Amino acid sequence: MTDLPGIVITGASGRMGQMLIKTVLESDKARLAGAVERTGHDWVGRDLGEAMGGTPLGVTVTDDALAAFTQAEAVIDFTAPEATIAFAKLAAQAGCVHVIGTTGMTEDQIAQLAPSAQKTPIVRAGNMSLGVNLLMQLTKKVAAALDEDFDIEVIEAHHHHKVDAPSGTALMLGEAAAEGRGVKLTDVEDRARDGITGARKKGDIGFSVIRGGDIVGEHDVLFAAAGERIILRHMATDRAIFARGAVKAALWGQGKAPGEYDMVDVLGL
Ligand SMILES: NC(=O)C1=CN([C@@H]2O[C@H](COP(=O)(O)OP(=O)(O)OC[C@H]3O[C@@H](n4cnc5c(N)ncnc54)[C@H](O)[C@@H]3O)[C@@H](O)[C@H]2O)C=CC1
Ligand SMILES: O=C(O)C1=N[C@H](C(=O)O)C[C@H](O)C1
């Protein structure tokens, strides 16, 4: 046992869960304090290292999230909306920083995090990578510089397992574009086009979604006008970028006042 901050990973068997576990194990700034999976999952009760197909790690996967959280300083949570709401209450009870990467949460579900954020820091972002958070700032600037003669479209592509659309990142980029333009995204978003839709409405921010194969995550923000186009692009080729950002957020949150934060706060952008 070291006195490095202990981190629990929820959704341990997931694509991001396993990447997060590897990232914490490789870190010299944090220690792995536990791994949580949902009740009934066949990893529960098994040694984490063996479950991941390697050598034993001496960490048993548990479905008792609160017991795991009380042994830790931070929880990194890339799971599903309902699970994240439950984990927020338990992280607040245990006094852990809660880093949330889960996407697809409704406005109502996001609002349910507020009471927990009064007790502990919550860092939540639809994308934890440095590149995308920088792209958000660029999107805001370009949108502020251009007028509505430039149609804004956000185009995203992800692997065929992804269950939510548009991606959390696409929505963050849409929000950034709307903020740059000084409008509310909910007033101008166009999220579904099919059939006789009519011509594009000036000022709208459109979203297009591609799902296929093993695409890790690709996002374009297109500014299209008569005679010219600008494309801001981020391409993720390795989930490690999200995991590194999440571990950075968990460490950054230590000693911070309770509240809701995002990666722009963590990265100081
Ligand atoms: N913010 C970011 O930078 C990123 C966010 N994500 C988001 O993270 C989430 C997970 O993505 P993936 O790892 O690809 O999905 P996945 O389906 O591979 O993993 C989800 C995991 O959560 C577990 N889980 C679900 N309910 C649970 C519960 N009640 N208790 C404990 N574990 C539970 C599942 O058993 C599974 O292991 C998605 O919302 C995705 O959009 C993914 C990558 C980057
Ligand atoms: O589900 C994923 O895989 C990803 N989800 C996040 C999102 O919804 O934007 C981030 C990343 O693009 C990968």
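These legends go with close-up views of a predicted model.

**View 1. Ligand 2 and the residues around it.**
Welcome to the site of ligand 2, where 13 residues make up the surroundings. Those that come nearest are H158, H159, K162, G168 and T169. By class, the shell holds 9 polar residues, alongside 2 nonpolar and 2 charged ones.

**View 2. Polar contacts of ligand 2.**
Here we look at individual atom pairs. From T169, a polar side-chain atom lies 2.5 Å from an oxygen atom of ligand 2. H159 also uses a polar side-chain atom, found 2.7 Å from an oxygen atom of the ligand. G168 takes part through its backbone: an N or O atom there is 2.8 Å from an oxygen atom of ligand 2. On its own, ligand 2 would expose 320 Å², and the protein buries 85% of that area.

**View 3. H159 in its loop.**
This view stays with one of the residues that come nearest to ligand 2. H159 sits in the loop that runs between β6 (151-158) and α8 (168-181). Is H159 buried or exposed? Its relative accessibility is 8%, and the cut-off for buried is under 20%, so H159 counts as buried. Beyond its neighbours within four places in sequence, H159 is in contact with R15, R239 and a run of other residues: R211, G212, G213, D214, I215 and V216.

**View 4. Ligand 1 and its shell.**
Now for ligand 1, which 21 residues surround. The closest of these are M16, E37, T103, M128 and K162. The shell divides into 9 polar, 7 nonpolar and 5 charged residues. Which helices each supply at least two residues of this shell? Both α1 (15-26) and α4 (81-94) do.

**View 5. Backbone contacts of ligand 1.**
Look along the protein backbone in this view. A polar backbone atom of A125 is 2.9 Å from a nitrogen atom of ligand 1. At G14, a backbone N or O atom lies 3.2 Å from an oxygen atom of the ligand. N127 likewise offers a backbone N or O atom, this one 3.5 Å from a nitrogen atom of ligand 1. Of the 860 Å² of accessible area that ligand 1 has on its own, the protein covers 80%.

**View 6. Helix α1 and its packing.**
Helix α1 supplies at least two residues of the shell around ligand 1, and here it can be followed from end to end. How far apart are the end C-alpha atoms of α1? They are 17 Å apart, which agrees with the 16 Å that its 12 residues should span at 1.5 Å a residue. The buried residues of α1 are M16, G17, M19, L20, I21, T23 and V24. An α-helix has 3.6 residues a turn, so residues three or four places apart point the same way. The buried residues of α1 pack against three strands, β1 (6-10), β2 (31-36) and β3 (74-77), and against the helices α2 (48-51) and α10 (240-252).

**View 7. Q254 after helix α10.**
Our last stop is the loop between α10 and β11 (259-261), where Q254 lies. With 28% relative accessibility, Q254 counts as partly exposed. Its side chain reaches the backbone oxygen of A250 at 2.9 Å. Leaving out residues up to four places away in sequence, Q254 touches P5, E73, A74 and V97. Try finding T120 as well: Q254 and T120 are 134 residues apart in sequence, yet 9.9 Å apart in space from C-alpha to C-alpha.

Note on methods
Residues are numbered from 1 along each chain as its sequence is written. Chains are lettered from A and ligands numbered from 1 in the order in which they are written. This is a predicted model: local features need pLDDT of at least 70, side-chain atom pairs count only at pLDDT 80 or more; totals for chains, interfaces and linings use all residues. Side-chain values use heavy atoms; hydrogens and water are left out. A residue is near a molecule or strand if one of its heavy atoms lies within 4 Å of it. A polar contact is a pair of N or O atoms within 3.5 Å; within protein, one must be able to donate a hydrogen and the other to accept it, and residues adjacent in sequence count only if both atoms are side-chain atoms. Accessible areas come from the Shrake-Rupley method with a 1.4 Å probe; for residues, only the protein chains shown count as cover. Ala, Val, Leu, Ile, Met, Phe, Trp, Tyr, Cys and Pro count as nonpolar, Asp, Glu, Lys and Arg as charged, and the others, Gly among them, as polar. Helices (H or I, at least four residues) and strands (E, at least two) are DSSP runs, numbered from the N terminus. The expected span of a helix is 1.5 Å times one less than its number of residues. Buried means under 20% relative accessible area, exposed over 50%, partly exposed in between (1.4 Å probe, protein chains only). Contact means heavy atoms within 4.5 Å.
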